[in-house]
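User: Could you show me how to read salt bridges in a model like this one?

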Amino acid sequence: MSSIKLAQAKTSSLYGKDCLTLLDYTSEEILHLVEEGLQMKKFPIQSILSGKILAMIFEKSSTRTRVSFEAGMQQLGGNALFLSSQDLQIGRGESIADTAKVLSGYVDAIMIRTFEHEKVEELALHASVPVINGLTDTFHPCQALADLMTILQLKQTFKGTKVAYVGDGNNVAHSLLIACAKVGMDAVIAHPEGYGPDPSVMEKIAEICELTGAVITSTSNPEKAVHEADIVYSDVWTSMGQEKENEIRLTAFHAYQINAELMSGAKKDCHFLHCLPAHRGEEVTAEIIDGSHSAVFQQAENRLHVQKALLKELLIG
């Protein structure tokens, strides 16, 4: 879809809605958020969320998620509260339900970054304010929105653009493939046997593809995946909470490193993306992530802009 068509996409109000996974959003809603993100980048300082407060619960460490949400709320005239699980009663056994109900009386929205996706779902069930998934072990919707925004900036279109994700079929991969399917963009994921995306997630993606015409495939061959790709994407091989598997994973993913040889099979004008943080010398070489193909810092910045768009839509419509 061209940027011109994107601007003409039907606007669907997300006011008061949760953002747990992009599976819950329509293609039109996702396109609208991307367009809003582009506008936020042009006009970053506004006062539209004056008096609004975002509670940010962190059970996983963060750089981009914390700073982008906190800075975003300030740039829009609101405030953000950093809440470590160690500082909350939730860290001492208070229930998710009680925490959700209490916070709903204090703030206008809750963002949580945690492990089990079920915890986010329970929080949303009992909260009377919008809940945003800042990352779980299963999904990372805010990252995927930033990915779409970055791809559109780089390629000006989703139609005919091929995304190749090489690595672990993790939360980032799930949300990226969902996002691609929703906007009708083809994607392929290459992964070692036993490290692919969740089959239940892939089934839902296949259903979306039937509606949008996107082609989402999986392979164990990284060269096949990257062939003629417009975007090559990777993530760390060992995510938070998997540290005990690190040595096994380094061996399993050895042939899936993004390096000059692998990138030579992609299109000449391809771009490399990574959600960061990156481990140079593991999933990607320094030559690639720090080279001319890389757009990872543009991608990281776009977390700020597209999340501001999300906050605007959820809090004021």
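Analyst: Gladly! Let's start with one pair in this predicted model: aspartate 290 and arginine 280 form a salt bridge, with their closest N and O atoms 2.8 Å apart. Aspartate 290 sits in the loop between α12 (286-289) and α13 (296-315), while arginine 280 lies in the loop between β9 and α12, 10 residues apart.

User: What is the general idea behind such a pair?

Analyst: Side chains of opposite charge can pair when their charged atoms come close.

User: Are aspartate 290 and arginine 280 buried or exposed?

Analyst: Partly exposed is the class here: aspartate 290 has 47% relative accessibility, and arginine 280 has 43%.

User: How many salt bridges does the structure hold?

Analyst: There are 12. Another one of them joins aspartate 269 to lysine 155, with 3.7 Å between the closest N and O atoms. This pair links distant parts of the chain, 114 residues apart: aspartate 269 is in the loop between α11 (260-263) and β9 (271-274), and lysine 155 is in helix α6 (residues 141-155).

User: Which accessibility class does each partner fall into, and why?

Analyst: Lysine 155 counts as buried because its relative accessible area is 13%, under the 20% cut-off. Aspartate 269 is partly exposed, at 47% relative accessibility.

User: Which residues are joined into one network by salt bridges that share partners?

Analyst: Look at glutamate 313 and lysine 312, whose closest N and O atoms are 3.2 Å apart in their salt bridge. Both residues are buried. Through shared partners, salt bridges join Glu36, Lys312 and Glu313 into one network.

Methods
Residues numbered from 1 in each chain as written. Predicted model: local features only at pLDDT ≥ 70, side-chain atom pairs only at ≥ 80, totals over all residues. Heavy atoms only, no water. Salt bridge = Lys/Arg side-chain N within 4 Å of Asp/Glu carboxyl O. Helix = DSSP H or I, 4+ residues; strand = E, 2+ residues; numbered from the N terminus. Buried < 20%, exposed > 50% of the residue type's maximum accessible area, 1.4 Å probe, protein only.
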